[in-house]
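The following exercises ask the reader to characterise a single protein chain, from its overall dimensions down to individual residues. Each task is followed by a solution in steps.

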Amino acid sequence: MAPRQPTSSDFPSHISASIIPPPSGQTPVNILLLLHGLGDTNTSFTNFARQLSLPETTCISIQAPAPLPFDLGGFHWGDDITFDSSQATMDYDTGFSKSSHIISEDIITKILVQKCCYKPRNILLFGFGQGAMAAIAAAISQGSELGGIVSIGGPLADSLRNDSGTVVKNDTPLIVLGGSSGTLITQSALTLMKQRFRTLEYIKWPRQGDGMPGNRDEMLPIMRFFARRLQSMAGVPEGSVEIG
C-alpha cells in the first residue's frame, strides 16, 4: 500500500506536532521528524521545515513531552530535570526512555509505519542539542534501519554506551555536526557514537559552539546528506509496485 500524508488526527492528544507537507503537488515519499533543543518548542523547527522545503518530504516538528519547571517556558526531552550547580545550567543528559518510546513506538511504528504505511527507510530524524540526543536514542530503540539522523550538537546518552562492544551496531546512517570549540561533540563523544552506529559522518564547523547552521557553508553538508538519503518517486509511473 502506498504511503499517505499524515494528518493531525493521526496523533494522540499527548503528542503535539506540526505537519508541513511537501512542496505543492508532490507526493509525500519521505518523512522528516524534527526535534527541537532543550527549553524550546516545536514552533522554531516548524518555521525551519518550511524554509527547507525538501522535495517529496513531509516534515513533522514534534514538541518535547515535558514542560520545564518553575514556569520557565519551553519543553525538554529528558526523563528528569537536573541542574549543574557549577555552571548554573540544566543537564542535557537525564535519560531518554520516555521520549524515545514516544518517538520510536508511538510516532514511527504506530503512526507512520502502521497507519500511514511508510517504510522505516523513508523516515529520517533531525535533532538539535537535547533533541538530537533523543533522536539518537529513538533510532537505537527502533532497531530497524531508518533513512538517517542529523545530529547538531547532540552526543550519545550515557545510558546507551557500548563500552563492552557486544551490542550490534545500528545501521541507520548518522551525521553529527558541531563547533570546533565549546562543543558537546568531543573526540570521546564521537568514539562512543561509533560504538553504536555503523556509519557516522562528522562535520566540525570552524566556529565556537553547537548552534544551528548560520550560513550556506554550514548547511551544505546537511543538504548533501538529505540528497543521498531521501527517496524519490519522480519519473516513476503511477501504480508501479516496488519489488523486494
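**Exercise 1. Describe the overall fold and dimensions of the chain.**

Solution. The chain contains 5 helices and 11 strands; the model is a predicted one. Its radius of gyration is 17 Å, close to the 18 Å that the globule rule gives for 244 residues, so the chain is as compact as a globular protein of that length. Along the principal axes, the C-alpha atoms fill a box of roughly 60 × 40 × 35 Å.

The next step concerns burial and contacts. Of the 244 residues, 49% are buried. Among contacts with a separation of 6 or more, 74% are made by residues 24 or more positions apart.

The last step concerns surface and charge. The accessible surface comes to about 11,600 Å², and carbon and sulfur atoms account for 52% of it. There are 18 positive and 21 negative side chains, with the centres of the two sets 7 Å apart.

**Exercise 2. Determine whether Thr 172 is buried or exposed, and identify its surroundings.**

Solution. Step one is to place the residue: Thr 172 belongs to the loop between strand E9 (148-152) and strand E10 (174-181).

Step two is to classify it. The relative accessibility of Thr 172 is 0%, and because buried means under 20%, Thr 172 counts as buried.

Step three is to list its partners. Beyond its neighbours within four places in sequence, Thr 172 contacts Ser 144, Glu 145, Leu 146, Gly 148, Ile 149, Phe 197 and Thr 199. With Leu 146 there is also a specific approach: the Thr 172 side chain reaches the backbone nitrogen of Leu 146 at 2.9 Å.

**Exercise 3. Find the side chain with which Thr 109 forms a polar contact.**

Solution. Thr 109 is located in helix H2, a helix that spans residues 97-115. Its relative accessible area is 18%, and Thr 109 is therefore buried, the cut-off being under 20%.

Outside the four nearest places in sequence, the contacts of Thr 109 are Ser 104, Gln 114 and Gln 142. The partner sought is Gln 142, whose side chain is joined to that of Thr 109 by a polar contact of 3.4 Å.

**Exercise 4. Compare the settings of Ser 53 and Leu 54 in the loop between H1 and E3.**

Solution. Begin with Ser 53, which lies in the loop between helix H1 (43-52) and strand E3 (57-62). Its phi is near 50 degrees, a positive value in a residue other than glycine. Ser 53 has 41% relative accessibility and hence counts as partly exposed.

Proceed to Leu 54, which is placed in the loop between H1 and E3. Leu 54 counts as buried, at 3% relative accessibility. Apart from neighbours within four places in sequence, Leu 54 is in contact with Pro 23, Gln 26, Leu 32, Met 223, Phe 226 and Leu 230. For Leu 54 and Ile 31, 23 residues apart in sequence, the C-alpha to C-alpha distance is 10.0 Å.

**Exercise 5. Give the location, phi and exposure class of Cys 117.**

Solution. Cys 117 occupies the loop between helix H2 (97-115) and strand E8 (123-128). Although Cys 117 is not a glycine, its phi is positive, at about 65 degrees. The exposure class follows from a relative accessibility of 23%, at which Cys 117 counts as partly exposed.

**Exercise 6. Establish whether Lys 204 and Arg 216 are buried or exposed, and relate each to a residue elsewhere in the sequence.**

Solution. Lys 204 is part of strand E11 (residues 200-208). At 53% relative accessibility, Lys 204 counts as exposed, since exposed means over 50%. Not counting residues up to four places away in sequence, Lys 204 touches Gly 178, Gly 179 and Ser 180. Between Lys 204 and Ser 181, which are 23 residues apart in sequence, the C-alpha to C-alpha distance is 9.3 Å.

Arg 216 is found in helix H5 (residues 216-229). Its relative accessible area of 64% makes Arg 216 exposed. Arg 216 and Leu 52 are 164 residues apart along the chain, while their C-alpha atoms are separated by 12 Å.

Note on methods:
Residues are numbered from 1 along each chain as its sequence is written. This is a predicted model: local features need pLDDT of at least 70, side-chain atom pairs count only at pLDDT 80 or more; totals for chains, interfaces and linings use all residues. Side-chain values use heavy atoms; hydrogens and water are left out. Helices (H or I, at least four residues) and strands (E, at least two) are DSSP runs, numbered from the N terminus. The radius of gyration is taken over C-alpha atoms; the globule rule is 2.2 Å times the number of residues to the power 0.38. Buried means under 20% relative accessible area, exposed over 50%, partly exposed in between (1.4 Å probe, protein chains only). Contact means heavy atoms within 4.5 Å. Accessible areas come from the Shrake-Rupley method with a 1.4 Å probe; for residues, only the protein chains shown count as cover. Lys and Arg count as positive and Asp and Glu as negative; His and the chain ends are not counted. The place of a charge is taken as NZ of Lys, CZ of Arg, CG of Asp or CD of Glu. A polar contact is a pair of N or O atoms within 3.5 Å; within protein, one must be able to donate a hydrogen and the other to accept it, and residues adjacent in sequence count only if both atoms are side-chain atoms.
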